[in-house]
Amino acid sequence: ERAIALASLGALRDDMHRQPMRLAAERAWPDHPYGRSTLGTEETVRGFTAAALRDWHARKLLRANAAIAVVGDVDPQRTADAIAARFDGVQVTERPSIERPQWPTQMAANVEPRDRKQTAISMFFEGPARDNPRRFEAEMLGGVASGLGGRFFEELRDRQSLAYTVIARPYIRAAGGTFAAYIATSADKEETARAGLLAEFAKLRERVVEPQELERARRYAIGAWQIRQASGAAVMVDLADAFLWGALEELARYPRDLQRVTPEQMRTLAAHWFDPERRIEGVVRGRA
C-alpha cells in the first residue's frame with residue numbers, strides 16, 4: 001500500500017492538470033486543510049506505521065460523523081437493519097467544525113519549473129462556500145466561461161490559438177470556495193495566455209453576459225443534473241453529501257435555484273470575487 005501511495009504521488013507531480021491545481025491550493029490555503037493534498041506527502045507516507053494506521057482508524061472512522069446512503073430497488077427497513085447490524089461498532093459523533101480559511105490579501109504564485117515544452121497555469125480567485133446561495137451564480141459563470149461553447153474556450157483556444165486546454169469553473173467547499181481557471185499552453189506563450197485569462201475575467205466583471213449565453217449554460221447544467229439522476233452511484237453521493245450538511249431539500253430544488261440566476265447577479269458576483277490583485281497562481285513552467 002505504501003508503494004502504491006508513493007506511485008500515486010509521483011503520478012500527481014507529472015500530471016500537468018492536477019499539479020498546478022495542487023500548487024495553487026497550497027499557496028491559497030497554506031495553513032488550512034484545503035491546501036493539503038489528500039494523497040499526503042512522500043515524507044508522511046514513508047513515516048506511516050501499522051500501529052499509527054490502526055490508531056487513526058479507531059479515532060477517525062469508528063468514531064465519526066458518518067452517513068451511509070443506499071440507492072436501489074431494495075426494501076428500506078430490511079436494508080437499514082442489515083447495515084445497522086454490520087456497523088454497530090461505529091459511534092456517531094458531532095460534525096467537526098471547519099474554520100473558514102482566510103484568502104490572501106494580495107496576488108501570489110507557486111511556480112515549479114519543468115524540462116518540458118508546455119506550461120500549465122491554474123488561476124484561483126476566492127469563491128462562495130457551500131452555504132452561500134450565490135454559488136449558483138458562480139456555477140452559471142462557469143457554464144458561460146467553460147466548455148466547448150464557452151467564452152474562454154472560443155477566445156483563447158479557437159481565436160487566439162493560445163491553449164491546448166482551457167477550463168473555468170467554481171469549486172464549492174463547506175468552509176470556503178474558489179473559482180479556478182486552468183490553461184495549458186506552449187512555454188513561450190505563458191505571458192500571453194495569462195493576459196488572455198485575465199482579459200476574459202475582466203469582461204465578466206465589467207459586462208453582463210448575454211441572455212442566450214446564460215440560457216445555454218442553464219440548459220446544460222440542468223440537463224447534466226437530469227442525466228445524473230439515472231445513475232444510482234451519482235444519486236447516492238448527492239444524498240450522502242446533502243444529508244451530512246443538513247440540506248436534503250436542496251436536491252429537488254436545484255433546477256429552480258439555477259432558474260433564479262440573472263445576468264446582472266452574475267456580473268455582480270464576478271465584480272466582487274474576481275479581483276486580479278488577489279488571485280493565486282499555480283504554475284508548472286516549461287522551457288521556452
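**Entry 1: burial and the first pair**

I call a residue buried when its relative accessible area is under 20%, exposed when over 50%, and partly exposed in between. The model I am reading is a predicted one.

I looked up R22 first. Its relative accessible area is 17%, so R22 is buried. I then looked for its charged partner and found E26, with the closest N and O atoms 3.4 Å apart in a salt bridge. E26 has a relative accessibility of 29%, so I noted this residue as partly exposed. Both residues belong to helix α2, which covers residues 18-28. R22 and E26 are four residues apart there, about one turn of the helix.

**Entry 2: a pair across the sequence**

Next I searched the whole structure for salt bridges and got 26. I picked out R130 and D241, whose side chains meet at 2.6 Å, N to O. Which parts does this pair tie together? R130 sits in the loop between β4 (118-127) and α6 (135-145), while D241 is in helix α10 (residues 232-244), so the salt bridge links parts that are 111 residues apart in sequence. I checked burial for both ends. R130 is buried at 16% relative accessible area, and D241 is partly exposed at 33%.

**Entry 3: a pair in α11, and a network**

I turned to helix α11 (residues 250-259), which holds both D257 and R253. Their side chains form a salt bridge at 3.1 Å, N to O. These two are four residues apart, about one turn of the helix. Is D257 buried or exposed? D257 has a relative accessible area of 7%, so I entered this residue as buried. R253 reaches 26% and counts as partly exposed.

I also followed salt bridges that share partners. One network of this kind joins E190, E191, R194, R279, E281 and R285.

**Entry 4: nonpolar cores**

I left the charges and looked at the nonpolar residues. The largest nonpolar core has 37 residues. Which of its members touch the most other members? They are F201 and F274. I also noted where this core comes from: α6 gives the largest share, six residues.

I listed the contacts of F274, leaving out residues up to four places away in sequence. F274 touches F125, L141, F179, F201, L204 and R205. F201, in this list, is the other residue I had noted for touching the most core members.

Last, I found a second core, separate from the one above, with 12 residues. Among them are A25, A28, W29 and W103.

Note on methods. Residues numbered from 1 in each chain as written. Predicted model: local features only at pLDDT ≥ 70, side-chain atom pairs only at ≥ 80, totals over all residues. Heavy atoms only, no water. Salt bridge = Lys/Arg side-chain N within 4 Å of Asp/Glu carboxyl O. Buried < 20%, exposed > 50% of the residue type's maximum accessible area, 1.4 Å probe, protein only. Core = buried A, V, L, I, M, F, W, Y, C linked by side-chain atoms within 4.5 Å. Contact = heavy atoms within 4.5 Å.
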